[in-house]
Amino acid sequence: MKDTKIIKVSLQNPDPRAIAEAAEVLRHGGLVAFPTETVYGLGADAFNADAVKKVFEVKGRPADNPLIVHIAKFEHFAQLARTISSKAKILAEQFWPGPLTLVVKGRGVVPDIVTAGLETIAIRMPNHQAALDLIAEFGRGIVGPSANLSGRPSPTKSEHVHADLHGKIDMILDSGSTTIGIESTVIDVTIDPPMMLRLGGLIEQDIENAIGELHTTSDDLFLKRSPGTRSRHYAPRAKVILVEQGNTVAFGQLTETYQREGKMAGCIVHSRRMKELGSKTRLVEASEDVEEFSRHFFAYLRELDQAGVDVIIVEAVPDEGIGAAVMERLRRAAVTLDPATTKSMAGD
Ligand code: TXA
Ligand code: MG
């Protein structure tokens with residue numbers, strides 16, 4: 001067991017001494033969890049295969065699921081990418097730093113373990129001062145998968161990182177709750193039109209406004225191109241059930257059934273009608289504002305898990321904008337696992 005050091009850093013003005021200390025840990029091949037605008041990342045030197053190996057180990061992440069390299073300067077992009085298409089350039093210039101990850105052809109400068117042996121590499125410049133300062137101080141790219149155990153909801157507070165990884169990593173830079181709460185949008189720009197691999201913090205409409213229509217995916221191709229999307233992500237321990245927005249009848253029936261069976265249900269609801277109905281259960285009254293809902297969504301799942309509920313009933317949010325990213329994660333969390341396929345679906 002390691003002694004995981006937690007250092008608080010301010011959102012706007014991170015203390016340079018804290019950043020220097022964290023960069024020093026990275027230089028020695030250590031692991032530092034750091035805040036971003038989306039979720040907390042688990043940082044390690046992207047050029048140190050042993051350090052990256054530890055990232056996979058502590059997360060329990062399958063080796064075939066590649067990592068995102070986080071950068072702080074546009075020069076880093078050119079150092080890592082073999083080709084940067086004109087659309088990739090537009091996206092980077094318009095949305096970096098921000099919740100967007102670009103998959104490009106790699107130069108092969110990072111060890112294979114980072115990219116899971118693919119010819120492509122995923123790159124992102126996060127919009128968070130502590131993350132940018134840490135990468136700049138360190139001087140080159142750092143890997144940054146979400147700092148959770150594989151298969152658990154992504155961490156949006158340092159407490160979540162601590163709960164999953166304390167004793168296994170060297171340091172956590174803590175700047176409180178992340179502002180977006182959902183991971184970055186992942187776009188494959190090696191093809192034209194580019195392809196959406198993961199819905200996330202940057203909404204599809206903003207991307208299409210910048211570069212025109214995206215490739216529409218067939219499921220097979222989608223799964224092949226983005227290894228991480230095969231897995232049952234974001235899953236709390238409890239079973240997750242999705243109920244249509246405002247469907248009080250279904251909601252009422254479900255909660256009654258579970259009550260009769262002596263099971264404890266936790267509910268995450270946002271509409272007023274549902275809030276009134278859910279008072280007999282362990283109720284999370286989420287915001288009706290979908291951005292606010294997204295910001296706290298992973299924290300709600302963890303909160304209900306911790307309360308020991310058997311089932312989590314979630315009221316669907318409108319399937320558009322950032323809501324589409326939440327719904328994608330919810331649908332995946334709500335998957336009922338077939339024991340025969342559990343292994344191949346165990347993911348990040
Ligand atoms: O917001 C985020 O992106 C956070 C913060 C910490 O930056 N990071 C994050 O990393 O969500 P992770 O490892 O949890 O998710 C990375 C996703 C996975 O679905 C992975 O399969 C995909 O990016 N990915 C990475 N490299 C890829 C590549 N070369 N081709 C296709 N997909 C790739
Ligand atoms: Mg993740």
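Are phenylalanine 77 and tryptophan 96 buried or exposed? Both residues are buried. The legends below describe a predicted model, beginning with the whole chain and then turning to single sites.

**Figure 1. Overview of the protein chain in the predicted model.** The secondary structure consists of 14 helices and 14 strands. Along the principal axes, the C-alpha atoms fill a box of roughly 60 × 50 × 40 Å. The radius of gyration is 20 Å, which agrees with the value near 20 Å for a compact globule of 348 residues. Of the 348 residues, 55% are buried. Among contacts with a separation of 6 or more, 70% are between residues 24 or more positions apart.

**Figure 2. Surface and charges of the protein chain.** The accessible surface is about 15,000 Å². Carbon and sulfur atoms account for 49% of this surface. The chain carries 40 positive and 46 negative side chains. The centres of these two sets are 4 Å apart.

**Figure 3. The aromatic pair of phenylalanine 74 and tryptophan 96.** A pair of aromatic rings is described by the distance of the centres and the angle of the planes. The structure holds 4 aromatic pairs. In the one formed by phenylalanine 74 and tryptophan 96, the centres are 6.3 Å apart and the planes meet at 40 degrees, so the pair counts as tilted. Phenylalanine 74 belongs to helix α3 (residues 74-80), while tryptophan 96 sits in the loop between α4 (86-95) and β5 (100-105), so the pair ties together parts that are 22 residues apart in sequence. Phenylalanine 74 counts as partly exposed because its relative accessibility is 39%. Tryptophan 96, with a relative accessible area of 5%, is buried.

**Figure 4. The aromatic pair of phenylalanine 77 and tryptophan 96.** This pair is edge-to-face, with 4.8 Å from centre to centre and 70 degrees between the planes. It links distant parts of the chain, 19 residues apart: phenylalanine 77 is in helix α3, and tryptophan 96 is in the loop between α4 and β5. Ring pairs join Phe74, Phe77 and Trp96 into a cluster.

**Figure 5. Two cis peptide bonds that lead into proline.** The bond from tryptophan 96 to proline 97 is cis, and its omega is near -10 degrees. Proline 97 lies in the loop between α4 and β5. Tryptophan 96 thus appears again in this view, having been described above as a member of the ring cluster with Phe74 and Phe77. The other cis bond joins aspartate 192 and proline 193, with omega about -5 degrees. Proline 193 is in the loop between β9 (185-188) and β10 (195-198).

**Figure 6. Alanine 116, a residue with positive phi.** The phi of alanine 116 is about 55 degrees, although this residue is not a glycine. Alanine 116 is located in the loop between α5 (112-115) and β6 (120-124). With a relative accessibility of 28%, alanine 116 counts as partly exposed.

**Figure 7. Threonine 255 and its contacts.** Threonine 255 is part of helix α10 (residues 248-260). Its relative accessibility is 12%, so threonine 255 counts as buried, the cut-off being under 20%. Apart from neighbours within four places in sequence, threonine 255 is in contact with Cys267, Thr281 and Ile313.

Notes. Residues are numbered from 1 along each chain as its sequence is written. Chains are lettered from A and ligands numbered from 1 in the order in which they are written. This is a predicted model: local features need pLDDT of at least 70, side-chain atom pairs count only at pLDDT 80 or more; totals for chains, interfaces and linings use all residues. Side-chain values use heavy atoms; hydrogens and water are left out. Helices (H or I, at least four residues) and strands (E, at least two) are DSSP runs, numbered from the N terminus. Buried means under 20% relative accessible area, exposed over 50%, partly exposed in between (1.4 Å probe, protein chains only). Contact means heavy atoms within 4.5 Å. The radius of gyration is taken over C-alpha atoms; the globule rule is 2.2 Å times the number of residues to the power 0.38. Accessible areas come from the Shrake-Rupley method with a 1.4 Å probe; for residues, only the protein chains shown count as cover. Lys and Arg count as positive and Asp and Glu as negative; His and the chain ends are not counted. The place of a charge is taken as NZ of Lys, CZ of Arg, CG of Asp or CD of Glu. Rings of Phe, Tyr and Trp (its six-membered ring) pair if their centres lie within 6.5 Å; planes under 30 degrees apart count as stacked, over 60 as edge-to-face and the rest as tilted.
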